Amino acid sequence: MLRLDARTNLTSTEKLKYLNADLCLISSPPKTGLPGAKNRWDELQYVHIAQTNYVHGVGAFLPFHRYYMKVHEHLLKAECNYTGPLPYWDEPADVGKISESSIFDKAIGFGGDGTGTDGCVTNGPFANLTLRLQVDLTTNEYCLSRHLNDRAFSQAAKVNVDTCVAKDKFIDMWNCLEGRPHGAGHGGVSGTMVNPFTSPGDPIFFLHHGYLDKVWWDWQSGNLSTRLTAIGGNNTQGGPGFSGPGGPGFGPGPFPGDPFGGDNSSFLFPPGFPPTNGSNPFPFPGLNRTIDRAFTDYFNDGGNTTTLNHTLWSAGLMENATIADVMDPRGDFLCTEYF
């Protein structure tokens with residue numbers, strides 16, 4: 001399936017068909033029995049929430065999100081009869097003018113900025129969208145929210161992306177890409193998108209990670225003979241309760257792109273954000289976590305270093321895969337071309 005720049009390479013008709021396919025998932029009843037889910041969109045979000053701690057700050061960050069986008073694509077095609085291209089957001093092109101981006105068009109885009117004290121999105125195709133899954137997988141309804149801001153989004157600048165693509169080793173490239181470019185998209189849109197657990201509740205998530213995946217592919221294309229098998233890093237975040245780094249990659253320290261600071265932070269808040277109305281835009285669980293063997297025992301890496309054998313899981317929405325399956329977007333599993 002083609003993946004195209006949503007800003008310049010999709011017709012108005014193609015944009016509307018894609019938006020309607022996402023709306024189809026939002027209106028379709030759940031099928032897997034995942035607790036708390038009331039539609040297929042909830043089930044898709046559940047997959048990310050459940051394993052956030054094992055797909056961020058780890059070597060599987062890029063492969064998992066490539067697989068996760070395939071799961072989204074699979075649902076669009078199999079259940080909503082979508083046959084068009086999948087859009088990504090060429091984010092550097094909108095640095096300094098995020099609120100003017102055609103991505104947020106109210107008629108043929110994803111709707112605009114949030115309004116009111118809660119930042120709820122009240123226009124566009126996803127106006128008044130109700131989400132419900134919390135970071136601990138309990139349920140409590142909340143709106144799709146956004147707080148568009150150029151300050152955080154400034155870190156999506158092409159110079160930062162080019163710095164990542166210029167890295168020679170996978171671990172260095174991944175560490176770089178999961179930092180400022182990754183954080184900029186989440187922080188620039190903010191609201192629902194700034195929460196690393198629940199961010200897929202905003203349909204913009206898949207355009208953001210589609211772009212990051214294209215950047216990874218750009219890096220891979222620089223030396224296909226070695227980079228189609230280049231992987232590494234730790235399987236568990238190197239932080240409190242996770243028993244240290246356990247391998248190359250992110251060790252103890254700030255979460256990549258951490259909104260709370262650190263050398264790799266990209267969430268630079270605009271005036272008036274976070275909100276002062278008592279709401280908490282970062283309702284993250286405590287950092288003193290322990291390893292969940294329900295995940296780590298089934299990674300199939302034979303240790304805490306990420307390998308091509310690593311299992312990628314989507315709670316039954318699609319068949320599991322390995323990192324090896326998703327290393328080449330052109331391969332049989334993904335069958336993807338970027339333009």
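Two strands count as paired here if DSSP finds at least two bridges between them. Keep that in mind while looking at the start of the chain in this predicted model. Strand β1, residues 2–5, pairs with strand β7, residues 337–338, in the parallel sense, over two bridges. In that pairing, Arg 3 has Tyr 338 of β7 as its bridge partner. β1 also runs parallel to strand β2, residues 86–88, and three bridges join them. Arg 3 turns up here too, with Leu 86 as its bridge partner in β2.

Now step back to take in the whole fold. There are 11 helices and seven strands in the protein. Of its 339 residues, 56% are buried. If you take the contacts with a separation of 6 or more, 69% are between residues 24 or more positions apart. The accessible surface comes to about 13,200 Å², and carbon and sulfur atoms account for 51% of that.

What about empty space inside? Searching the whole structure turns up four cavities of 30 Å³ or more, and the largest has a volume of about 80 Å³. Its lining draws on several stretches of the chain, including Ala 6 and Leu 10, Pro 87, and the residues Ile 108, Gly 109 and Phe 110. Which helix gives the most to this lining? That's α1, residues 12–27, with three residues. Sorted by class, the lining has eight nonpolar, two polar and one charged residues; Lys 15 is among the lining residues, and lysine is in the charged class.

Next, have a look at two backbone oddities. Asn 81 has a positive phi of about 55 degrees, even though it isn't a glycine. You'll find Asn 81 in the loop between α3 (61–80) and β2. Ser 190, another residue other than glycine, also has a positive phi, near 55 degrees, and sits in the loop between α7 (180–189) and α8 (204–221). Which of the two is buried, and which is exposed? Asn 81 counts as exposed because its relative accessibility is 64%, and exposed means over 50%. Ser 190, on the other hand, has a relative accessible area of 1%, so it is buried, the cut-off being under 20%.

Ser 190 comes just after α7, and that helix deserves a stop of its own. α7 is mostly covered, with nine of its 10 residues buried. The buried ones include Pro 181, His 182, His 186 and Val 189, along with glycines such as Gly 183 and Gly 185. And what does the covering? Among the elements over the buried residues of α7 are α3, α4 (150–153), α5 (158–165), α6 (170–177) and α8.

Finish the walk at Ile 323, which belongs to helix α11, residues 323–326. Is Ile 323 buried or exposed? With a relative accessible area of 0%, Ile 323 is buried. Leaving aside residues up to four places away in sequence, Ile 323 touches Ala 60, Pro 63, Ile 231, Thr 306, Thr 307, Leu 308, His 310 and Leu 312. With Leu 312, the C-alpha to C-alpha distance is 6.9 Å, and the two residues are 11 apart in sequence.

Conventions: Residues are numbered from 1 along each chain as its sequence is written. This is a predicted model: local features need pLDDT of at least 70, side-chain atom pairs count only at pLDDT 80 or more; totals for chains, interfaces and linings use all residues. Side-chain values use heavy atoms; hydrogens and water are left out. Helices (H or I, at least four residues) and strands (E, at least two) are DSSP runs, numbered from the N terminus. Buried means under 20% relative accessible area, exposed over 50%, partly exposed in between (1.4 Å probe, protein chains only). Contact means heavy atoms within 4.5 Å. Accessible areas come from the Shrake-Rupley method with a 1.4 Å probe; for residues, only the protein chains shown count as cover. On a 1 Å grid over the protein atoms alone, a cavity is a set of points where a 1.4 Å probe fits but cannot get out, and a pocket is an open set with protein on both sides within 12 Å along at least five of seven lines; lining residues have an atom within 4 Å of a point. Grid points are joined across faces, edges and corners, and a volume is the space filled by probe spheres set on the points.
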